[in-house]
Amino acid sequence: MFEFAWWYALFVLPLPLLIRLLPAKARQQQAALKIPHHLKTVSSSGPSVTNRRPLHGVFWLIWILCVLAAARPQWLGEPVSIPNEGREMMLAVDLSGSMKVGDMQINGQQVNRLTMIKSVLSDFIDRRVSDRLGLILFADTAYLQAPLTFDRQTVAQLLDEAVIGLIGERTAIGDAIGLAVKRLDEKEQTNKVLILLTDGQNTAGNISPQQAKELAIANDVTVYTIGVGADSMVIENFFGSRQVNPSQELDEEMLGDIASATGGQYFRARNTAELEQIYQRLDELEPVKGDTQKMRPLSALYFYPLAAALMISILLVLGSVLFSLTNRFKQYRGEPS
């Protein structure tokens, strides 16, 4: 269906004619259509008023095309039904100092925990085509880096730009859960899922993990917790090598309690493969079905009359310049113009 989005702009079509009908004195103060200097040459050098009439017709055509473009002509297609379903997921990523521990591997290369999380989580984000994602970064406190959005590329970029120590060195798990609950509670008809990745225990923040758990339960927020870190790691020193447990600070009991109490699940990610399997499990979460929405495809058409007006104006100016140069050349040779 064809329509004008700003149809009321068509009321200015007769404006030049109304100005032309004003008394002669007022008309001299401001012309209805201002003509460039080169075009004045064309209209003034013609032999008669009759020959100038086509030029005025061109000016009117340009004016009409410009007004039509300003009215925003557009074509509306037939309504298309769009199913509205998806998940609402908030991602909370630990940026505390312990995330520097290099006990993870990617393609055989030793990397720290945050680098591994970024590598695997970026693919998880890319697969969330119909889901809304948000990003929370936490250490000494928790910050909302990205609100719930369909813009997966921005969420992935903000995660990639996160650096360890940006918010401090400690771990405020309770603050991260509390902030996620607050943001998810603003949404209706949502499964309110929080995926929290950490490698330690709660050592900072204004909200304790117990208080955060109660908030999540009261607001129907499901928390999936992921404990990141290897069980063993070989450390080289002056006296040789020794094997240590780099995840001894990980509070699995607390993370498991929060997950089970909110209807979620606790996962242990000791390596890249385990983390990828966890994300595949999270892919199976039931999406929330909302009301079917209808959309009408819209195609803007304003550029057609606008381009036509521009082309006619350019041709008119070029013609006037050519006419003026021809007259000057004839005058130079002493020929009648």
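Let me start with helix H5, residues 113-126, in what is a predicted model. At 1.5 Å a residue, its 14 residues should span 20 Å, and the end C-alpha atoms are indeed 20 Å apart, so the expected and modelled spans agree. At the N-terminal end of H5, Asn112 acts as the cap: one of its side-chain oxygens lies 3.2 Å from the backbone nitrogen of Leu114. Leu114 is itself among the buried residues of the helix, which also include Arg113, Met116, Ile117 and Lys118. Further along, Val120, Leu121, Phe124 and Ile125 are buried as well. Please note Phe124 in particular, since Arg128 lies over the face of its ring, at 4.5 Å from the ring centre. A second arrangement of this kind involves Arg72, which lies over the face of Trp6 at 4.9 Å from the ring centre.

I turn now to strand E5, residues 88-94. How many of its residues are buried? Seven of the seven are, so the strand is largely enclosed by the rest of the structure. Both faces are covered: on one side Glu88, Met90, Ala92 and Asp94 are buried, and on the other Met89, Leu91 and Val93. Which strands pair with E5? One is E8, residues 132-138, joined to E5 in the parallel sense by seven bridges. Within that pairing, Ala92 has Ile136 as its bridge partner. The other is E10, residues 193-198, which runs parallel to E5 and is joined to it by five bridges. Here Leu91 stands opposite Ile195.

Elsewhere, three strands form an open sheet in the order E1-E2-E17, with antiparallel pairing. Strand E1, residues 2-4, and strand E17, residues 298-300, stand at the edges; each has a single partner strand, so one side of each is left without a neighbour in the sheet. Neighbouring strands in this sheet are turned by 30° against each other on average, direction ignored. Between E1 and E2, the latter covering residues 73-76, there are three bridges. Phe4 stands opposite Pro73 of E2.

A brief word on strand E6, residues 104-106, where Ile106 is found. Its relative accessibility is 18%, and buried means under 20%, so Ile106 counts as buried. Ile106 and Asn271 are separated by 165 residues in sequence, yet their C-alpha atoms are 8.9 Å apart in space.

Finally, the aromatic residues. The structure holds seven aromatic pairs. In one of them, Tyr224 and Phe267, the ring centres are 6.4 Å apart and the planes meet at 15°; the pair is therefore stacked, given that planes under 30 degrees apart count as stacked. Tyr224 belongs to strand E11, residues 222-228, and Phe267 to strand E14, residues 266-269, so the pair ties together parts that are 43 residues apart in sequence. Are these two residues buried or exposed? Tyr224 is buried, with a relative accessible area of 7%, and Phe267 also counts as buried, at 10% relative accessibility.

Phe303 and Tyr304 form a tilted pair, with 4.6 Å from centre to centre and 40° between the planes. Phe303 is partly exposed at 40% relative accessibility, whereas Tyr304 is exposed at 55%. To close the aromatic section, Trp7, Tyr8 and Phe11 form one cluster.

Definitions and conventions: Residues are numbered from 1 along each chain as its sequence is written. This is a predicted model: local features need pLDDT of at least 70, side-chain atom pairs count only at pLDDT 80 or more; totals for chains, interfaces and linings use all residues. Side-chain values use heavy atoms; hydrogens and water are left out. Rings of Phe, Tyr and Trp (its six-membered ring) pair if their centres lie within 6.5 Å; planes under 30 degrees apart count as stacked, over 60 as edge-to-face and the rest as tilted. Helices (H or I, at least four residues) and strands (E, at least two) are DSSP runs, numbered from the N terminus. Buried means under 20% relative accessible area, exposed over 50%, partly exposed in between (1.4 Å probe, protein chains only). A charge sits over a ring if NZ of Lys or CZ of Arg is within 6 Å of the ring centre and within 35 degrees of the ring normal. The expected span of a helix is 1.5 Å times one less than its number of residues. A polar contact is a pair of N or O atoms within 3.5 Å; within protein, one must be able to donate a hydrogen and the other to accept it, and residues adjacent in sequence count only if both atoms are side-chain atoms. Two strands pair if DSSP finds at least two bridges between them. Axes are lines fitted to C-alpha atoms, for helices over the stretch in contact, and angles run from 0 to 180 degrees between N-to-C directions.
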